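Consider how a ligand is held by the protein around it, and what empty space the protein atoms leave when they are taken alone. The paragraphs below go from the ligand outwards to the pocket and then to the enclosed cavities.

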Amino acid sequence: MSGAQRMIPVAKPLLDEREVDAARRAIMSGWVTQGPEVAAFEREFASFVGAPYACAVSNCTTALHLALKAVGIQPGDEVVTVTHSFIATANAIRYCGGIPVFVDIEQGGYNIDPDLIAAAITSSTRAILCVHQLGMPCDLTRILEVAGSHGLPVIEDAACAIGSEIHLGGDWRKVGTPRADIACFSFHPRKVVTTGDGGMLTTADPDYDRKFRLWRQHGMSVSDTVRHGAREVIYESYPELGYNYRMTDVQAAIGREQLCRLPVIIERRRQLAEQYRNALGDIPGLATPVEPYWARSNWQSYCVRLPAAADQRSVMQALLDRGISTRRGVMNIHLEPAYADPNSFRRASSLKNSVAAQSGSIILPLYAQMTSEELSAVVEGLHEVLGRRQVAAARA
Ligand SMILES: *Cc1c(COP(=O)(O)O)cnc(C)c1O
């Protein structure tokens with residue numbers, strides 16, 4: 001391979017002069033943190049997902065923390081979730097002193113197996129934290145059924161799932177439409193739209209929304225915008241412990257532009273996913289992701305299962321040598337040193353599907369600006385690398 005060959009990245013945010021102008025608008029206004037742009041972004045986001053309330057925060061990890069706190073997670077409380085997720089999912093439970101209870105993902109998929117939830121519930125369980133992994137909706141209908149029969153709140157880790165849709169109660173609904181209690185979104189550059197860093201909480205519960213707004217700003221009784229606009233002197237108070245989880249107005253201004261682009265971005269990602277599916281079907285042993293009939297993914301990531309004989313690291317290296325960047329499958333939280341203490345989590349089922357997915361799958365490049373030529377190069381690379389390995393294995 002020549003050093004001059006252009007790399008195909010695994011992901012790339014779509015940002016241009018529009019976001020530059022938006023950031024400039026916020027900076028030149030003189031109001032640069034949690035103010036009018038944040039308020040407008042929240043209104044537009046709420047209307048996009050179809051939620052009564054949306055509250056912007058500094059990132060999705062802080063959103064998860066506030067969501068768990070709002071449903072009342074206390075030290076020693078158990079929250080049922082998955083180990084097959086980004087570490088922030090479980091870390092947020094631990095921020096509250098809670099215990100992440102891990103159940104396995106479905107065979108062949110990347111989302112929680114709803115059949116395992118009931119058996120994981122004990123008298124200490126206080127919530128279910130489900131993840132729409134890689135942008136693919138998890139089976140919220142069945143999760144809500146189990147939660148309902150045990151009287152448990154459901155929080156959605158929708159970090160990856162902006163614009164993904166679920167068929168719920170007879171209609172297609174965007175993830176974040178309040179069927180569950182609270183949904184948490186991320187605007188990290190690795191997600192479908194970005195504000196650099198950033199997060200959003202959606203809910204139908206005005207009391208939760210009020211708490212998010214209090215806690216994100218140090219627990220301060222009066223917001224800066226209210227105090228700034230007041231004709232009379234106002235002294236603020238701090239009725240309870242809060243945090244600094246604010247989003248800035250510069251981020252929100254960028255987010256508003258990103259939200260305008262989101263439908264086009266998702267449409268393009270769906271086209272690319274369809275092209276991958278059609279072009280990779282004939283590689284023996286390779287499995288492309290399956291979209292259940294009740295789900296429409298935003299394809300935040302395109303994760304494929306490698307043939308059983310293929311070695312993940314060598315496949316990734318061979319692709320990298322051809323200028324194609326990939327990532328291994330989603331991590332397993334319980335295997336990280338930060339979870340070495342056996343008291344830091346509870347294992348409520350075998351986690352074999354989760355472990356197999358981490359070592360047996362890879363994430364292929366997918367981004368809105370990706371050209372069909374780039375996609376063909378990835379497909380050809382995979383055919384070459386896996387085809388050759390099959391031959392080598394047959395000869396051995
Ligand atoms: C990215 C991600 C997060 C964390 O989002 P941040 O905005 O970076 O805090 C949480 N959960 C999942 C599943 C993610 O993919």
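In this predicted model, the shell of residues around the ligand is made up of six nonpolar, seven polar and two charged residues. That shell counts 15 residues, and those that come nearest to the ligand are Cys60, Thr61, Asp157, Ser186 and Lys191. Two helices each contribute at least two residues to the shell, namely helix 3, which spans 60-70, and helix 4, which spans 88-95.

Several of these residues can be followed down to single atoms. At Cys60 the contact is made through the backbone, a polar atom of which is 2.9 Å from an oxygen atom of the ligand. At Thr61, by contrast, a polar atom of the side chain lies 2.5 Å from a ligand oxygen, and at Ser186 an N or O atom in the side chain is 2.7 Å from an oxygen atom of the ligand. The ligand taken alone exposes 380 Å², and 91% of that area is buried by the protein.

Where, in terms of the pockets of the protein, does the ligand sit? The space that the ligand takes is the largest pocket, whose volume is about 640 Å³. Its lining is formed by 28 residues, and Phe86, Cys160, Arg190, Lys191 and Gln300 are those that lie nearest the centre of the pocket. Helix 3, helix 4 and strand 12 (327-328) are the elements that give two or more residues to this lining, and helix 3 gives the most, with three residues. Lys191 thus appears both among the residues that come nearest to the ligand and among those nearest the centre of the pocket. By residue class, the lining of the largest pocket divides into eleven nonpolar, eleven polar and six charged residues.

Beyond the open pocket there is also enclosed space to consider. Rolling a probe the size of a water molecule over the atoms shows where empty space is left. The count comes to two cavities of 30 Å³ or more, and the largest cavity has a volume of about 100 Å³. This cavity is lined by 18 residues, with Lys12, Pro13, Lys191, Val192 and Arg269 lying nearest its centre. Its lining consists of ten nonpolar, four polar and four charged residues. Lys191 is therefore named once more here, as one of the residues nearest the centre of the largest cavity.

How values were computed: Residues numbered from 1 in each chain as written. Predicted model: local features only at pLDDT ≥ 70, side-chain atom pairs only at ≥ 80, totals over all residues. Heavy atoms only, no water. Near = heavy atom within 4 Å. Polar contact = N/O pair within 3.5 Å; in protein donor to acceptor, adjacent residues only side chain to side chain. Areas by Shrake-Rupley, 256 points an atom, 1.4 Å probe, with all protein chains shown as cover. 1 Å grid on protein atoms, 1.4 Å probe; cavity = no way out; pocket = protein on both sides within 12 Å on 5 of 7 lines; lining within 4 Å. Sits in = over half its atoms within 2 Å of the grid points. Helix = DSSP H or I, 4+ residues; strand = E, 2+ residues; numbered from the N terminus. Nonpolar A, V, L, I, M, F, W, Y, C, P; charged D, E, K, R; others polar. Points joined across faces, edges and corners; volume = space filled by probe spheres on them.
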